[in-house]
Amino acid sequence: MAKLPHPIPYQGSKRSLAPLIAPYVPREKVDTWYEPFAGSAAMTLWAAHHKIAERYVIGDVLEPIADLWRAIIERPRDTSARYSQIWNGQLSSDESYFNTVRDRYNEHRDPVDLLYLICRCVKNAVRFNAKSGKFTQSRDKRRLGMKPDRMADAITGASMLLNGKTEVVTGDWMKTLSPAGKADFIYMDPPYLGTTVGKDKRYVEGLQQDLLIKGLEDLRRRQIRFALSYDGMTGGKEYGPPLPDTLGLTRLLLHAGKSSQATLVGRDEDTVESLYITPDLGEARSDVIRKHVAVQEELTF
Ligand SMILES: C[S@@+](CC[C@H](N)C(=O)[O-])C[C@H]1O[C@@H](n2cnc3c(N)ncnc32)[C@H](O)[C@@H]1O
C-alpha cells in the first residue's frame, strides 16, 4: 500500500483512523462523497485513493482552510514552490520570522502562508480569533515544520487524487450537504462539542448538540448514508453525551491510540472514539475495534 498524501498536518486529522473507518464506507457505486467538516480532509484523500466515488465535495466553515484546499488542488506547482520559498526563509531569519509570516497572512490571506503557519505552530492546532478572524496560534520552537520536498510530494499527490473531480465549499456543514441525495455518502467529523467557545459553555454545548442532532435527523429523513466520528472516552471517562437512539444509528467504538494528555502526566490510557453509522453500513458491535497488523502499512500515510 503506497503512502497516501497528507499535505495539511492538522490537529485532529483522521489520517490514522482511516483504516478503522474504511470497512464502514460503502463499496458499491457512490456518486458524490461529502466531507463537510474537512480540515485536512484525510478521509476524502483515502476515499479518492480507493476510488470510492465519482466526485468529491469538501467543505469547511473556515474560509482560509477552504482557500488552502483550492490552492493545493488547483495550483499544486505554484503552491509547492511558494511553500518552499516561505519555509526556506526561516533558515536565514531570526525568531521573529514566524510572527512576520503570521502578520502577513493576517493582512493578505495568502493560503500558502497559512500552510506554513499550520506546519510550524504549536500542536498543528489552527486557532483563529472569533471576532477578527486573525490567526493567533504561536510558533512551536522545537521543529521547523514539514520540509519542502515532502510537502511538494504531498501537494502533488493530493492534487492528482482530487483535481477535476472535487468541489471545495466554504460554509456551514448543512449548507454543504444541501444537494446530497441517496446515491451519495457523507463522512462527518465535527469539532468536539465540549471545546466550543463561549461564556456559558454548557449552554453553547447544548445548543451545538441540538443543531447537530437536527441536521442528522434531516439527513436520516432524506435517507442519506453517512458515518460520523463523534465523542470519545479516555481511560473509561466519557466526554460528550451519546447521540439519541431516536436517530436510529449504529454506534461503534474505535481504538484511537494512547492519550497524549494522559501520557504527559504519567498515565497510560487508551482513547476510544465513537463512529456512528447509518444502519445499512454495518452491524453493531460491543467490543472496541482495534487496528490489525495488516493495516499498519496504511497508517503511515
Ligand atoms: C475535527 S476537525 C476535522 C478534521 C478532519 N477530519 C481531518 O481529517 O483533518 C473539524 C473541522 O470542522 C470545521 N467546522 C467547525 N464548525 C463547522 C461547521 N458548522 N460547518 C462546517 N465546518 C465546521 C472546523 O473548522 C474544522 O476544520
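The largest nonpolar core has 74 residues, and A47, W69, L115 and Y116 touch the most other members. Helix α6 supplies the largest share of this core, 7 residues. Domain 1 (15-61 + 171-299) and domain 2 (71-151) both contribute residues, so the core lies between them. The model is predicted. Its chain holds 11 helices and 9 strands.

**Chain overview**

- The chain has 301 residues, and 37% of them are buried.
- Take the contacts between residues at least 6 apart in sequence: 70% of these join residues at least 24 apart.

**Helix α2 and its surroundings**

- A47, one of the core residues that touch the most other members, is in contact with V25, W33, I52, A53 and Y56. That list leaves aside neighbours within four places in sequence.
- A48 sits in helix α2.
- A48 is buried because 23 other C-beta atoms lie within 10 Å, and 20 or more count as buried.
- Beyond residues up to four places away in sequence, A48 touches Y56, L161 and L162.
- Y56 is thus listed as a contact of A47 and as a contact of A48.
- A48 and A158 are 110 residues apart along the chain, yet 9.1 Å separates their C-alpha atoms.

**Helix α3**

- Helix α3 covers residues 63-74, 12 residues in total.
- From first C-alpha to last, α3 reaches 16 Å, close to the 16 Å expected at 1.5 Å a residue.
- Its buried residues are P64, I65, L68, W69, A71, I72 and I73.
- Among these, W69 is also one of the core residues that touch the most other members.
- The cover over the buried residues of α3 includes three helices, α4 (76-89), α6 (111-120) and α7 (148-162). It also includes strands β2 (53-60) and β3 (166-170).
- In an α-helix, residues three or four places apart point the same way, because there are 3.6 residues a turn.

**Helix α7**

- Helix α7 has 15 residues, which should span 21 Å at 1.5 Å a residue. Its end C-alpha atoms are 21 Å apart, so the span agrees.
- M151, A154, I155, G157, A158, S159, L161 and L162 are the buried residues of α7.
- Two of them, L161 and L162, touch A48.
- Elements covering the buried residues of α7 include α2, β2, α3, α4 and β3.
- Helix α3 is among the elements that cover α7, and α7 is among those that cover α3.
- G164 follows α7 and has a positive phi, near 85°.

**Positive phi outside glycine**

- A41 has phi near 55°, a positive value in a residue other than glycine.
- A41 lies in the loop between β1 (30-35) and α2 (42-49).
- With 33 other C-beta atoms within 10 Å, A41 is buried.
- N124 also has a positive phi without being glycine, near 50°.
- The loop between α6 and α7 holds N124.
- N124 is buried, with 20 other C-beta atoms within 10 Å. The cut-off for buried is 20 or more, so N124 is right at it.

**Ligand shell**

- The ligand is surrounded by 17 residues.
- The closest are F37, G39, S40, A42 and D189.
- The shell contains 9 nonpolar, 4 polar and 4 charged residues.

**Strand β8 and the loop after it**

- E273 is placed in strand β8.
- E273 counts as buried because 21 C-beta neighbours lie inside 10 Å, and the cut-off is 20 or more.
- Apart from residues up to four places away in sequence, E273 touches L17, S229, G232, L254 and A256.
- The C-alpha atoms of E273 and I289 are separated by 9.8 Å, with the two positions 16 residues apart along the chain.
- P279 is in the loop between β8 (270-277) and β9 (288-289).
- P279 counts as exposed because 11 C-beta neighbours lie inside 10 Å, and 12 or fewer count as exposed.
- Setting aside residues up to four places away in sequence, P279 touches G248 and T250.
- R225 is 54 residues from P279 along the chain, and their C-alpha atoms are 8.6 Å apart.

How values were computed. Residues numbered from 1 in each chain as written. Predicted model: local features only at pLDDT ≥ 70, side-chain atom pairs only at ≥ 80, totals over all residues. Near = placed C-beta within 6 Å. Nonpolar A, V, L, I, M, F, W, Y, C, P; charged D, E, K, R; others polar. Helix = DSSP H or I, 4+ residues; strand = E, 2+ residues; numbered from the N terminus. Expected span 1.5 Å × (residues − 1). Contact = placed C-beta atoms within 7 Å. Core = buried A, V, L, I, M, F, W, Y, C linked by C-beta atoms within 7 Å. Domains from an automatic or database assignment.
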